[in-house]
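Trainee: Please give me a close look at one part of this structure, the second largest pocket, and then set it beside the rest of the picture.

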Amino acid sequence: MRTLLLLAFLAQSATAAEWTISTFAGTGVKGGSGDGGPATAAQIDNPFGVVRGPDGAIWFCEYTGQRIRRVAPDGTISTIAGTGAKGYSGDGGPALQATFNLPHELRFDATGKNLYIVDMTNHAVRKIDTQTNIITTIAGTGVAGYSGDGGPAVKAQFKQPHSIQFGPEGDLYVCDIGNHVIRKIDMKTGTISTFAGVGKAGVTPDGATIAGTPLKGPRSLDFDKQGNLWLATREGNQVFKFDLKAGKIHHIAGTGKSGFTGNGGPAKEATLSGPKGISVDADGNVWLADCESHSIRMVNMKTGNLELIAGLNQKGDGPDGDPLGCKMARPHGVFCDADGTVFIGDSESHRVRLLKKK
């Protein structure tokens, strides 16, 4: 057994050794300063969702900063939306004059012209037209609940929606975590429906049908190149693949218990610790912001193993360099870029970090 554990540790170390970690934005000090200057000299406030825009810039949410910020290709940071105050205002006007209440994640649609934001405790999804910078609400009433299926998304109720992503057909999927469901918005008609989950927490059996099967804290989602939906469950501490064509759910990682075991071994036998972000890379590997272990872990889909890439299972801040020597503080966001680099919303370190292969 000791030999097997040693081999597993050496395998995960070898994988992590291929990477280096650095600070992309933020100084480690919480704040909202620095617009117009280098992102590495700016203060940011609890970055969560991160994404590359069609303009080549990196965009991210400041969860407690109540802002959306952008880092241009030349490294300059600016604020795109939000006054920094908490609220729910500004629809129909300039995004810079709008207020948010804990914006969690953001995505661009296929046209690249519209930016969508989950405004979590406003129980809404909002849209910024990047050509006019006008903000509107496209789903949710601002009141927590679970209603509206079959009707207009703007009249539906969510309960703390967390994650969004566009599916292969162009519809918007929403992790409605407070209701333990995934909702789907038909972007052609604006109609909302429940895609998965039954409205209360429950066990998700391997091989179950998507329809009628419970979920336990559906927190974060992404799609792979084949059109499969990937889901990380927060309270469930598991990762699932939804085969949309077959209508089946497949268990990929996590025993369901909370923990930090199994690195270097089979992903299904590992324990996760409140995964808050998920992203699928170009090779099909599944990356996790394993929040409560302060780490970035990856399901290697060629081996089926769960690999520790960054973090120490200790809360802290850095240093840059060796990913396994870099402490993080409850990371929530992870984004796999097309070139293989990985961005991390290292939330309570108030930094956006960058993983890059050597």
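Mentor: A pocket, in the sense used here, is an open set of grid points with protein on both sides within 12 Å along at least five of seven lines, and a residue lines it when it has an atom within 4 Å of a point. The model is a predicted one, and its second largest pocket has a volume of about 310 Å³. Its lining is made of 21 residues, and those nearest the centre are Trp 19, Asp 281, Asp 283, Asn 285 and Lys 357. Two strands, β20 (295–300) and β24 (351–357), are the elements that give two or more residues to that lining. Sorted by class, the lining comprises nine charged, seven nonpolar and five polar residues.

It helps to set this beside the largest pocket, where about 630 Å³ of space is found. There, 28 residues form the lining, with Arg 107, Gln 165, Asp 222, Phe 223 and Phe 335 closest to the centre. At least two lining residues come from each of β2 (47–52), β6 (103–108), β10 (161–166), β14 (218–223), β18 (275–280) and β22 (333–336). By class, twelve of the lining residues are nonpolar, while the polar and charged groups have eight each.

The strands β22 and β24 also help to locate two salt bridges. One of these joins Arg 330 to Glu 292, with the closest N and O atoms 2.7 Å apart. Because Arg 330 sits in the loop between β21 (305–311) and β22, and Glu 292 in the loop between β19 (286–290) and β20, this pair ties together parts that are 38 residues apart in sequence. Both partners are partly exposed, Arg 330 at 21% relative accessibility and Glu 292 at 32%.

The other salt bridge brings together the side chains of Glu 348 and Lys 315, again with an N to O distance of 2.7 Å. Glu 348 belongs to the loop between β23 (342–346) and β24, and Lys 315 to the loop between β21 and β22, so parts that are 33 residues apart in sequence are tied together here. Through shared partners, salt bridges link Lys 276, Glu 292, Lys 315, Arg 330 and Glu 348 into one network.

For a contrasting setting, consider the salt bridge of Arg 126 with Asp 119, whose closest N and O atoms are 3.0 Å apart. Arg 126 is buried, at a relative accessible area of 0%, and Asp 119 likewise counts as buried at 0%. Across the whole structure, 22 salt bridges are found.

Terms used. Residues numbered from 1 in each chain as written. Predicted model: local features only at pLDDT ≥ 70, side-chain atom pairs only at ≥ 80, totals over all residues. Heavy atoms only, no water. 1 Å grid on protein atoms, 1.4 Å probe; cavity = no way out; pocket = protein on both sides within 12 Å on 5 of 7 lines; lining within 4 Å. Points joined across faces, edges and corners; volume = space filled by probe spheres on them. Helix = DSSP H or I, 4+ residues; strand = E, 2+ residues; numbered from the N terminus. Nonpolar A, V, L, I, M, F, W, Y, C, P; charged D, E, K, R; others polar. Salt bridge = Lys/Arg side-chain N within 4 Å of Asp/Glu carboxyl O. Buried < 20%, exposed > 50% of the residue type's maximum accessible area, 1.4 Å probe, protein only.
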